[in-house]
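Reader: I should like to go through this assembly by question and answer. Please begin with the chain arrangement and then turn to the fold of one chain.

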Protein chains: 4
Amino acid sequence: MSRKIEFPLLLINFKAYREASGKRGLELAKVAEAVSKDLGVCIAVAPQLTDLMYIAQQVDIPVFSQHVDPVEPGARTGHVTLEAIKDAGAVGTILNHSEKRVRLDYITYVVKKAKELGLVTCVCATVPEETAAVAALGPTMVAIEPPELIGTGKAVSKEKPEVVTRSVDLVKKVNPEVTVLCGAGIVTGEDVAKALELGTKGVLVASGIVKAKDWRKAIEDMAKPMVPKK
Amino acid sequence: MSRKIEFPLLLINFKAYREASGKRGLELAKVAEAVSKDLGVCIAVAPQLTDLMYIAQQVDIPVFSQHVDPVEPGARTGHVTLEAIKDAGAVGTILNHSEKRVRLDYITYVVKKAKELGLVTCVCATVPEETAAVAALGPTMVAIEPPELIGTGKAVSKEKPEVVTRSVDLVKKVNPEVTVLCGAGIVTGEDVAKALELGTKGVLVASGIVKAKDWRKAIEDMAKPMVPKK
Amino acid sequence: MSRKIEFPLLLINFKAYREASGKRGLELAKVAEAVSKDLGVCIAVAPQLTDLMYIAQQVDIPVFSQHVDPVEPGARTGHVTLEAIKDAGAVGTILNHSEKRVRLDYITYVVKKAKELGLVTCVCATVPEETAAVAALGPTMVAIEPPELIGTGKAVSKEKPEVVTRSVDLVKKVNPEVTVLCGAGIVTGEDVAKALELGTKGVLVASGIVKAKDWRKAIEDMAKPMVPKK
Amino acid sequence: MSRKIEFPLLLINFKAYREASGKRGLELAKVAEAVSKDLGVCIAVAPQLTDLMYIAQQVDIPVFSQHVDPVEPGARTGHVTLEAIKDAGAVGTILNHSEKRVRLDYITYVVKKAKELGLVTCVCATVPEETAAVAALGPTMVAIEPPELIGTGKAVSKEKPEVVTRSVDLVKKVNPEVTVLCGAGIVTGEDVAKALELGTKGVLVASGIVKAKDWRKAIEDMAKPMVPKK
C-alpha cells in the first residue's frame, strides 16, 4: 500500500470528533496504516483540517481533506485551498458532506481545479438524483449518504439497498468514469460486504470507527470484505 | 520568548498565500521564532489551517488559527473547532477577518467558549464602531483593519491615524480590558512605531512579511520598534 | 396613528407562518391597524418578504421588512435592498433575528445605510453583551430575544427579567440613543406590562399573535398596557 | 395569454434594479402583459421579492420569484418559502442565479417541493456540465447563463453558441423532460432568434429590458422572434 488511491476503498472520516483530534488523530491514522499494510486493502483517512499536514507527513496511506473552499491561493484568510491541501501532502478532498454542504458552483469549481492539480475528489450526495447531478460534473468519486442514517449504526447498504443500487445505475448512465461509494450507518464488515455487492467500490465511514473502543478491530472488521480474492 | 502572548505583539497572518503554505509555512514560522528570540519581542504566527498542528508542534512561539467555526466537537465534517486548534497546539484564533467575516452570534459564541478553554481571541473589525461592538463581547484583542488598505502597503497607522485612535478610545470606553491591535498596509518598522504611538499594543500583518523577499529582514524591521526599552 | 414609529411599540413579526401569508397576511395587518387606531397605540407589522409592498400599500400603520441584504440596488437577483423596502412602503427593517442571523459587518452596513435613507432598524440580539455590541453600531432599536424562549409562551420579561434589565443598562451605557425592545415567549398583556416595567420601550412578538385563534383579542390584550395614561 | 407557462418563453428578471422597483416594477410588468397579449407570446416577469404579491395580483401573465429558501413555512423570519410565493400568486421561481447561488441540496429540495405544490422551477447554471447536473434533479427549466457575459450586451447565443448547444445536448441525454433556456447578454430580437435556433425554448433577460429607454419597444423586439408561425 502507499498513498495511491485504489478500489475498493475504505475512507475513514475523522469529522470533528475529539476522539480523533490532534495526537489521537495521528494514532488513529497510524492504526489505519498498519491494517492497510497487513491486509493489502486501500484505507484512506480524512483527519481534522487543522491536523492535515501533521498527519499526512507521518503516514504512508492516502490522506484526504474533509473540505476545501473554492478559492485561489492568496489573500484569503481562513480559507482552505486545493493548493494548501496538496502542499500538506493530501491526495484529495471530500466535498459537500451532509455536514458541510456547498453550492453547486463550488462543486463545479473544485472538481475541475482538483483534476488540474492531480488531486482526487469524493463528492457526497444524499439522494440518487444528486449522485447523478454530481456525476455530471466529473469528480473521481461520488458517495451516496442518506443523512437520516448517518451516525445511527443502521447501514445504508442494508436499510436502503435500493438507494445504493439506484445511485450506481444513475451514475453509470450519466458518467461511467465516476466511482460510487456509499456511507451512513456502516459499522460492520457485513455492512461493507453488502455495499460492495450492491455495486459500490468502497465505503465512507466515521463514527463506526472513530468511536469504536478498539480502533484496530473495527478497521480490520470493515476492511476484511475488501481483501482481494486470490 | 515562549508560547505565551505578550504585548506589544507582532501577529503574522499567512493567509492562503502559497508562499507560506506547507513546508514553506514552517520555514517562515521558524524565521519568526528566531527573530522573536533574538530581539525579545513577542511574535506570533497564524499559518494556513491545514498546517496548524504541523507548525505548532515545531516552533516555540504563539501559534494562532486564522479562523474557527462556532461548533462543538462531534459529527461536524469540515469544521474547525476551538478544541481542535487547542489539541493542535494553538494558543488562540483570529476571527472575523475581513476576508472571512462571520455572524455576530458566532463572535459571541467563540469569544465565550475560547475563554473557557483558555484560548485567546483576536477579533477583527473594519470601522471604529465595530471595534466598540466587538469589545462589548470581551475578546482578548480587537484588531482594527480598514479593508480598503489591506494589501496596499499604505499603512493604516499613517493613512488613517484617526481611525486607529478613535478605535482605541471607543474600546477603552466600552471594555478597557480588551487590547487593541491594528492592521492593513503595514510594511515597515516606521508603520509599526506609529501604530504603537497611536495607542495600540501591536499589529496584525500579512503580505508585508509573507511576500517580502527577505523574511528575516522584514520581520526584524517590524519587530524592532517593539523591543522593550531598557 | 399613522406610519410614524412611536414608543411604546408593539411590533408583530409574521415570520414565515402560513397563517399570515398572502391574503391572510393582509387580514392580520388590517386587524393590527384597527386596534392601533382604537387604542391609540403604535402597532407595526413585519409581513412576509413577498407580501411587503402588497400589505404596505393597504394599511396605515408602520410596516417593517423582516430582513434586508447588505447590497446596493443593481444586478443582484434575489436580494432585498433597503431601497426596495423603501419603494415598497416600509418604514424600516428587522435585522439579525435569531432565525436569520447575519454577519457583524452586514449590521454595520445596514444600520448606516438605513439612516441615510430615512429608514429605521430593529436589530435583534440573544444575550445582553450582544445588545451592547449592536448598540455600538447605532441602530434605532435593539431587541433582546433569548432564542431558547422564542415560541415557548414563557415570556422573557417574566422568565429572565435580569437579561432584560442588564440589556437596558448596557445599551444605556454604550449608546443611550438606542431604544430597547424585548421579545421571546410574550403572549399576554401581563408579559408586555412587565417588559415595559423592566425599562424596555416595546416588544417584538410573533406566534403569540399569529397563532392566536382570535387575532383582534390577542393584539388588544398585548396593546392595552401600552395605552398612554391620561 | 394567461398565467400559464408556455414555450417559447421570454422571462424578464427585474433583479434588484431600482429602475424596476416598487411602482415602477408594476409599470414594467404591465408593459410586459400588454406586449404578451398583443403578440400572443408567453412573457413572464420576476419582480423584486418585496413586490411579488403586489405585482402578481395586478397582472395576468406568469409571475416568478427570483429566489426561494429551502425551508418549510413556520418560525423562519426573513425566509421566502415556496408556499409564500404560491400564496402571493407566483407560478414558480428562478433558483441558483449566478447572483444568488445556492447549495446543491437546496436545489434538490426546492425542485421536489415545487412539483408537489404545482409550481415551476427555472434553475440557472453557468457551464454545460452544470446544466446536466441540474437536469438530473428534474426542474421544469434549466437556464444556461455564462456569468462573464451577464450584463455585457454580448449575447451568449452569438458569442458562445457552442455552450448553448452543448447544454441542450447534455440535458436531452440526462433528462429530456427538462426545457432549456439561455441567458446572458441578450439585448436584441436577433439574439433571441439565434437562441431559439440553437435549440432553446426561450430566454432569461434582465438589463437588456429593465435598463432600456423604451420598455415596450425592447420587449416587443425580443418577443417577435417568438411569435408562433402560422
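**Chain arrangement and fold**

Author: In this predicted model, chain B and chain D share no contact, and their closest C-alpha atoms are 16 Å apart.

Reader: How far apart are the nearest C-alpha atoms of chain A and chain C?

Author: A contact requires C-beta atoms within 7 Å. Chain A and chain C do not touch. The distance between their nearest C-alpha atoms is 16 Å.

Reader: What relation links chain C and chain D?

Author: A turn of 180° with a shift of 0.0 Å along the axis lays chain C on chain D, at an RMSD of 0.0 Å. That is therefore the relation of a two-fold axis.

Reader: What percentage of the interface residues of chain C are also interface residues in chain D?

Author: The copies meet through the same surface. This follows because the share of chain C interface residues that are also interface residues in chain D is 100%.

Reader: What radius of gyration does chain A have?

Author: The C-alpha trace of chain A spans about 45 × 40 × 35 Å along its principal axes. For 230 residues, a compact globule would have a radius of gyration near 17 Å. The value for chain A agrees with this: 16 Å.

Reader: What percentage of the residues of chain A count as buried?

Author: Chain A contains 10 helices and eight strands. A residue is buried if 20 or more other C-beta atoms lie within 10 Å of its own. Of the 230 residues in chain A, the buried share is 66%.

Notes: Residues are numbered from 1 along each chain as its sequence is written. Chains are lettered from A and ligands numbered from 1 in the order in which they are written. This is a predicted model: local features need pLDDT of at least 70, side-chain atom pairs count only at pLDDT 80 or more; totals for chains, interfaces and linings use all residues. Two residues are in contact if their C-beta atoms, placed from the backbone, lie within 7 Å. Copies are superposed by least squares on the C-alpha atoms of residues with pLDDT of at least 70 in both. Helices (H or I, at least four residues) and strands (E, at least two) are DSSP runs, numbered from the N terminus. The radius of gyration is taken over C-alpha atoms; the globule rule is 2.2 Å times the number of residues to the power 0.38. A residue is buried if 20 or more other C-beta atoms lie within 10 Å of its own, exposed if 12 or fewer, and partly exposed in between; C-beta atoms are placed from the backbone.
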